[in-house]
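Student: I should like to learn how to read a structure of this kind. May we go through it feature by feature?

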Amino acid sequence: MSSLPRRAKVQTAVYKDEFSSFSELSSASEGDDKEDSTWEPQKKVPRSSKQPVCKQSKPKRVSRAKTNAKKNAVQMSEGSEGVTVKEEVLNSSVAIADVDLEDRKNKLDTMQTLKRAKTKRKNSAQSPSAPRTKKLKADEETNQASNFKSEGNSAETPSTSTLGDGACKKEESEDDCTSGQSPLKKVKTETCPQGQPVTLPASADNITEEVEMSWDIVQVLSERTNIEPWVCANIIRLFNDDNTIPFIVRYRKELINNLDADCLREVQQTLEELRAVAKKVRSTIQKIKKEGKMTECLLRALLNCKTSEELEHVSVPYKTGSKGTKAQRARQLGLEEAARTLLENPGKLNLLSYIQPSVKGLSALQDIETGVQHILADMIAKDRDTLDFIRKLCQNRYISIQSSLAKISSKKVSEKDVDKFHLYHNFSCNIRTIHHHQILAINRGENLKILMVKVNIPDGVKNEFCRWCIQNRWRPRGFARPELMKILHNSVDDSFKRLIYPLLCREFRAKLTSDAEKESVMMFGRNLRQLLLTSPVPGRTLMGVDPGYKHGCKLAIISPTSQILHTDVVYLHCGQGYREAEKIKRLLLNFNCSTVVIGNGTACRETEAYFADLIMKNYFAPLDVVYCIVSEAGASIYSVSPEANKEMPGLDPNLRSAVSIARRVQDPLAELVKIEPKHIGVGMYQHDVSQTLLKATLDSVVEECVSFVGVDINICSEVLLRHIAGLNANRAKNVIEWREKNGPFINREQLKKVKGLGPKSFQQCAGFIRVNQEFARKFCSQQTESAGPSQGAVVTLPAGAEGTNEKQGKKKNKTAANVVLKPDPLDQTCIHPESYDIARRFLSFMGGTLCEIGKPEMQQKIQSLIEKEGIEKIAERLQTTVHTLQIVVDGLSQPESFDFRTDFDKPDFKRSIVCLNDLQVGTVLTGKVENATLFGIFVDIGVGKDGLIPIRNITEAKLSKTKKRKSLGLGPGERVEVQVLNIDVPRSRITLDLIRVL
């Protein structure tokens with residue numbers, strides 16, 4: 001058994017300093033249960049008091065000694081010399097940790113660099129930045145300490161804050177900008193074909209006994225997400241170091257085995273659930289100990305809890321105000337000794353000796369037998385091996401969930417609401433095959449008191465469970481008289497009916513609901529991503545139309561740069577259509593606008609017919625006018641928001657919505673991020689799922705999309721900037737204020753001078769922020785001319801502007817400061833600043849220059865070099881990973897105006913309209929996906945009512961082979977060819993069949 005604690009020690013050491021709610025994981029209890037063939041688990045609490053001492057002493061001294069040099073190197077980062085030292089450390093940490101001599105030499109060079117940094121720190125101790133350096137030293141100490149192993153060099157540990165994984169194998173390269181086209185989630189494998197398990201550093205934090213858990217969080221996380229344990233361990237470390245999902249997905253692929261953003265979010269959510277359970281267990285243990293009711297058996301049961309349902313099952317008798325269970329009352333009467341004797345030595349048990357006529361509950365033999373039965377039932381229901389057996393038994397049996405119409409007594413429930421659930425009035429389905437949307441529908445009907453729901457476990461499960469308990473787990477150790485065996489039989493039966501069956505039902509329902517909610521939220525996120533990444537339509541003057549009846553249709557014409565050119569109101573549906581047509585024609589001709597964007601709200605169908613009729617008559621000649629329908633979900637909410645008032649002051653809110661509708665076609669991402677994601681309306685059952693989970697997921701998707709597309713730091717809005725990974729509302733506001741005060745950003749390094757944007761924030765956001773080189777060079781040339789020819793490329797900053805490496809708040813010279821600001825062509829690429837050295841070495845290796853970035857010559861050189869050498873050999877020669885080199889290659893090859901959204905579908909522009917009555921069964925049409933749900937896809941086929949493609953009609957053979965898909969689901973914006981299967985005119989329902997994806 002000595003090997004088990006060592007195994008647990010290796011797997012869990014890294015987390016002891018991160019989740020204070022966890023204790024040192026104990027594997028000894030598992031081994032003890034395997035050896036134990038008696039009626040109950042061993043009484044002793046797993047001994048782990050000595051382990052924290054062993055883990056504290058030696059690793060802590062080594063880690064502290066090794067981190068002195070690194071801390072001193074960090075302290076130098078503010079000065080000019082410090083920047084050089086920091087870059088050397090970053091570049092050194094990129095080496096692949098193989099066993100050859102070259103890599104060993106790189107490790108020695110890294111340590112020598114750190115020593116030189118320490119020497120420089122001593123020489124500059126009297127510098128003005130010393131006080132702030134001390135503060136930085138204290139802040140960095142905790143984060144840096146966990147990045148060094150207690151034995152061996154630091155280069156062997158994969159870093160979560162600097163690029164480079166010294167223990168990862170080469171992996172197949174994939175595009176890093178395919179956020180809408182996710183790779184398949186990696187399943188657990190023994191050979192790790194795309195990565196290698198990583199040994200994690202030990203921790204030195206104190207672990208108290210109250211926080212100990214009997215399960216390994218890495219193993220449980222791996223089992224629940226079906227991802228390799230070493231990947232789960234790395235993901236936990238990355239999240240603990242405050243890394244964002246976009247940063248991890250793009251720049252730390254080797255540490256996560258190339259998982260996509262959706263998988264990372266799933267792991268993050270599961271991790272938060274496990275931590276929440278551990279936190280609840282800790283508070284429950286503290287509360288019960290304070291009340292003096294803690295026992296060894298109860299403590300063991302609490303530490304074994306992995307879900308909230310298990311914790312509730314164990315702790316409910318000890319809640320404040322509880323009367324106590326039947327077992328507790330029997331124990332208070334002193335019958336626990338009799339229950340133990342029945343199992344350990346039944347021959348010596350004499351129940352008659354416990355009779356006390358004057359005591360209620362002990363006055364008769366029947367009362368004593370009942371009390372012993374309740375104690376045994378409670379022991380059986382809280383035994384981990386017993387619960388594991390019944391759960392495993394249920395996995396191989398037909399367990400069904402059933403719903404039926406409830407006896408409606410509430411007057412608030414109408415017949416219309418009851419009819420909505422007619423499919424579930426007499427419904428039964430296997431819990432392993434039931435669909436997620438069916439679970440959400442059943443739950444909604446149950447909450448409305450319309451449906452009754454129960455889980456049906458067959459009698460065969462109970463019979464086999466009772467037989468196993470009597471013959472194996474709870475079999476008495478000696479001969480038991482028939483009357484005692486009857487008590488045992490009754491105890492097992494009572495335990496199953498009264499305690500275990502309700503627990504299983506709660507677990508099944510909770511698991512089904514949790515999975516359904518997660519899938520619904522993930523579907524919402526995928527739809528939102530597809531909508532946000534809709535291909536923009538730049539370079540057009542657009543007319544936005546917000547349709548309406550009585551209050552007219554609001555018009556807004558915007559320029560190709562999203563500037564408002566004109567706003568107006570026309571009344572198309574009040575008998576003035578012909579007169580208003582002249583006004584619309586005059587506006588289109590005056591502003592040379594040939595594209596009309598109509599919102600899909602009230603009066604959309606009539607407005608669409610109006611414009612289609614004019615277009616068919618060629619009324620707007622010589623303009624070739626086209627129109628498209630766009631979702632106006634959230635436009636009304638945004639039009640009255642403070643952000644809209646700040647952006648369009650003095651403009652009527654109704655006209656603001658027309659502006660927003662037009663901008664949604666011109667740049668969907670920049671416009672839709674202004675609206676709260678849940679108001680965009682591309683999900684299903686969004687009000688029935690956890691609102692916290694929904695908001696966190698959708699905000700993460702928005703951050704992912706904005707980051708992967710990237711922003712130009714000198715022209716982007718504050719609203720768009722706050723969604724960049726590593727930034728928030730305050731930091732985005734500070735960036736805009738710095739830009740307004742000091743002029744445009746010349747390079748990414750200037751971001752470090754912004755207030756509140758520290759090293760970690762810079763690391764997370766730098767790769768997603770672009771600096772337009774043409775604009776930067778033009779600005780520098782203007783500054784150079786104003787400074788005079790003798791100044792060269794020196795830029796003169798006004799007094800008070802930040803031109804040094806000192807932070808704001810420091811005393812600055814009143815005279816103007818002359819600082820050399822040079823544009824860096826790499827700042828316009830997706831290459832992270834920590835990889836600039838690799839990019840320059842790669843350019844030198846192939847004979848290229850920075851001026852050739854994005855040009856055809858550069859693409860040809862890169863292609864010929866990779867074909868000749870191979871990307872794996874080049875990465876090995878440059879001492880970096882294949883993933884990092886692939887990002888460098890992409891950044892150098894992509895043109896300056898590259899936008900990967902151009903690969904996504906554009907709005908569907910039309911000139912004519914089709915009515916519902918014009919449709920016939922068998923008609924083949926093209927349409928655009930409007931929304932994707934768990935049961936089907938809604939498609940706009942231009943008849944004013946979306947048709948539904950049932951999920952059963954979507955097969956892999958019908959999907960496009962050119963697009964990588966995580967599932968068979970289609971996303972909003974995709975164009976499809978469909979065939980009409982059924983038309984229900986009275987109910988306005990159209991059933992479609994998918995022919996192919998265009």
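Tutor: Let us begin with helix α8, where helices are DSSP runs of H or I, at least four residues, numbered from the N terminus. Eleven of the twelve residues of α8 are buried, so this helix is largely enclosed by the rest of the structure; buried means under 20% relative accessible area with a 1.4 Å probe, protein chains only. This is a predicted model, in which local features need pLDDT of at least 70 and side-chain atom pairs count only at pLDDT 80 or more, while totals for chains, interfaces and linings use all residues. Residues are numbered from 1 along each chain as its sequence is written, and side-chain values use heavy atoms, with hydrogens and water left out.

Student: Against which helices do the buried residues of α8 pack?

Tutor: Contact means heavy atoms within 4.5 Å. The buried residues of α8, among them W230, I236 and F239, pack against α7 (217-225), α9 (245-251) and α10.

Student: What follows α8?

Tutor: D242 follows α8, and its phi is positive, near 65°.

Student: How is a buried charge to be read, as with R664?

Tutor: One looks for a salt bridge, a side-chain nitrogen of Lys or Arg within 4 Å of a carboxyl oxygen of Asp or Glu. R664, in helix α25 (residues 653-666), is buried yet has no salt bridge. E671, the nearest side chain of opposite charge (Lys and Arg count as positive, Asp and Glu as negative; His and the chain ends are not counted), is 5.6 Å away. The side chain of R664 does reach the backbone oxygen of S631, at 2.7 Å.

Key:
Helices (H or I, at least four residues) and strands (E, at least two) are DSSP runs, numbered from the N terminus. Buried means under 20% relative accessible area, exposed over 50%, partly exposed in between (1.4 Å probe, protein chains only). A polar contact is a pair of N or O atoms within 3.5 Å; within protein, one must be able to donate a hydrogen and the other to accept it, and residues adjacent in sequence count only if both atoms are side-chain atoms.
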